[in-house]
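Work through these exercises with the model open beside you. Try each task before you read its solution.

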Amino acid sequence: MTNLLEVKNLHFHYGKIHALKGVSLEVREGEIVTLIGGNGAGKTTTLRAISGLLGKITSGEIRFLGERIDGLKPHVIASRGLAQCLEGRHIFGNLTVRENLNMGAYLRSPKEATHDLEHVYTLFPRLYERRDQRAGTLSGGEQQMLAVGRALMQKPRLIMMDEPSLGLAPKVIQDIFSIIKKINAEGIPVLLVEQNSNVALKIANRGYVIEMGEIVMADSAERLRSDEAVKKSYLGMS
Ligand SMILES: Nc1ncnc2c1ncn2[C@@H]1O[C@H](COP(=O)(O)OP(=O)(O)OP(=O)(O)O)[C@@H](O)[C@H]1O
Ligand SMILES: [Mg+2]
């Protein structure tokens, strides 16, 4: 099967800092793939490099739907169907929930957008309840739902999520993860970056472990979960 997303030997520098040292990973049709690693390992950098947000990569290749996307502008990459929920959420605080969601659909026809808005409200009844509320006044968990909902409004072929559970209460984390599973069951592959590796490896099909800008392990989520080194470093068990 062809890979939906294929990253090959990606290097990236922030000035003199060599943040990514030959990262390779793939996401195939139907999958949830997780990228786990400690603080500063290069997870966010990997996602931002893929989305084109970091500009020119040092070297390597990024392919989406079989075509090179490295070197393209972020909006062009997004318009090809690659959506991203950023770390820190980046919603528009002064706009309402509904306005934020509609921004996600800016590339699409109003009719399609209305249909998808209803679908997002079905997935997140809370967002429907709060549709006229200013997004900046939503709770952390609600803002995260909004960020995911907005990405869905792009009708993506793949969603990348950076720490969707960050700062959320355990109950809300469960909600977010069950939504991720639901989105995936509807046919959208997910590349998920998480510190919460325990939960991430439970819903993922495969995972990669990144340390200091290098992928040090790649395996099925099941095998990673039972790996002693992974348990010790990332699952809070010894
Ligand atoms: N804009 C930047 N300028 C310089 N260095 C940066 C910049 N952004 C990130 N870095 C560095 O690149 C490395 C990788 O950072 P990155 O944000 O990708 O880590 P991460 O795996 O997402 O970590 P966390 O789990 O803490 O979010 C870190 O050493 C970080 O300090
Ligand atoms: Mg990060």
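**Exercise 1. Find the order of the strands in the open sheet of six strands, and find its edges.**

Step 1. Read off the order: β6-β7-β8-β3-β9-β10, with mixed pairing. Helices (H or I, at least four residues) and strands (E, at least two) are DSSP runs, numbered from the N terminus. Two strands pair if DSSP finds at least two bridges between them.

Step 2. Look at the two ends of that order. β6 (82-85) and β10 (214-220) are the edge strands; each has a single partner strand, so one side of each lacks a neighbour in the sheet.

Step 3. Check the twist. On average, neighbouring strands of this sheet are turned by 15° against each other, direction ignored. Axes are lines fitted to C-alpha atoms, for helices over the stretch in contact, and angles run from 0 to 180 degrees between N-to-C directions.

A word on the source: this is a predicted model, where local features need pLDDT of at least 70, side-chain atom pairs count only at pLDDT 80 or more, and totals for chains, interfaces and linings use all residues. Residues are numbered from 1 along each chain as its sequence is written, while chains are lettered from A and ligands numbered from 1 in the order in which they are written.

**Exercise 2. Describe how β9 is joined to β10, then find the helices that pack on the sheet.**

Step 1. Strand β9 (residues 206-211) and β10 run antiparallel, joined by six bridges. Glu211 has Glu214 of β10 opposite.

Step 2. Turn to helix α1 (residues 43-50). This helix packs on the sheet and touches β3 (32-36), β6, β7 (158-162), β8 (190-194) and β9. The direction of α1 makes about 145° with that of β7. Contact between two residues means that their C-beta atoms, placed from the backbone, lie within 7 Å.

Step 3. Add helix α6 (residues 140-152). α6 also packs on the sheet, touching β6 and β7, and its direction makes about 170° with that of β6.

**Exercise 3. Is β8 buried or exposed? Name its partners as well.**

Step 1. Use the rule. A residue is buried if 20 or more other C-beta atoms lie within 10 Å of its own, exposed if 12 or fewer, and partly exposed in between; C-beta atoms are placed from the backbone.

Step 2. Apply the rule. Five of the five residues of β8 are buried, so the strand is largely enclosed by the rest of the structure.

Step 3. Sort the side chains. In a regular strand they alternate between the two faces of the sheet. In β8, Val190, Leu192 and Glu194 point one way, while Leu191 and Val193 point the other way.

Step 4. Find the partners. β3 runs parallel to β8, with five bridges between them. Leu35 has Val193 as its bridge partner in β8. β7 pairs with β8 over four bridges, also in the parallel sense. Here Met160 is matched with Leu191 of β8.

Step 5. Follow the chain from β7 through helix α7 (residues 170-185) to β8: this β-α-β crossover is right-handed. That term applies if, with the strands pointing away from the viewer, the path from the first strand over the helix to the second runs clockwise.

**Exercise 4. What is the order of the open sheet of four strands, and which helix packs on it?**

Step 1. The order is β2-β1-β4-β5, and the pairing is antiparallel. β2 (17-28) and β5 (67-68) are the edge strands, each pairing on one side only.

Step 2. Strand β1 (residues 3-14) is joined to strand β4 (residues 59-64) by five bridges. Lys8 has Glu61 as its bridge partner in β4.

Step 3. α1 packs on this sheet, touching β1, β2 and β4, and its direction makes about 65° with that of β2.

Step 4. Check the cover on α1. Six of its eight residues are buried, among them Leu47 and Ile50.

**Exercise 5. Which element gives the largest share of the shell around ligand 1?**

Step 1. List the neighbours. They include Tyr14, Ile17, Lys43, Thr44, Thr45 and Gln195. A residue is near a molecule if its C-beta atom, placed from the backbone, lies within 6 Å of it.

Step 2. Assign them. β2 and α1 each supply at least two residues. The largest share, three residues, comes from α1.
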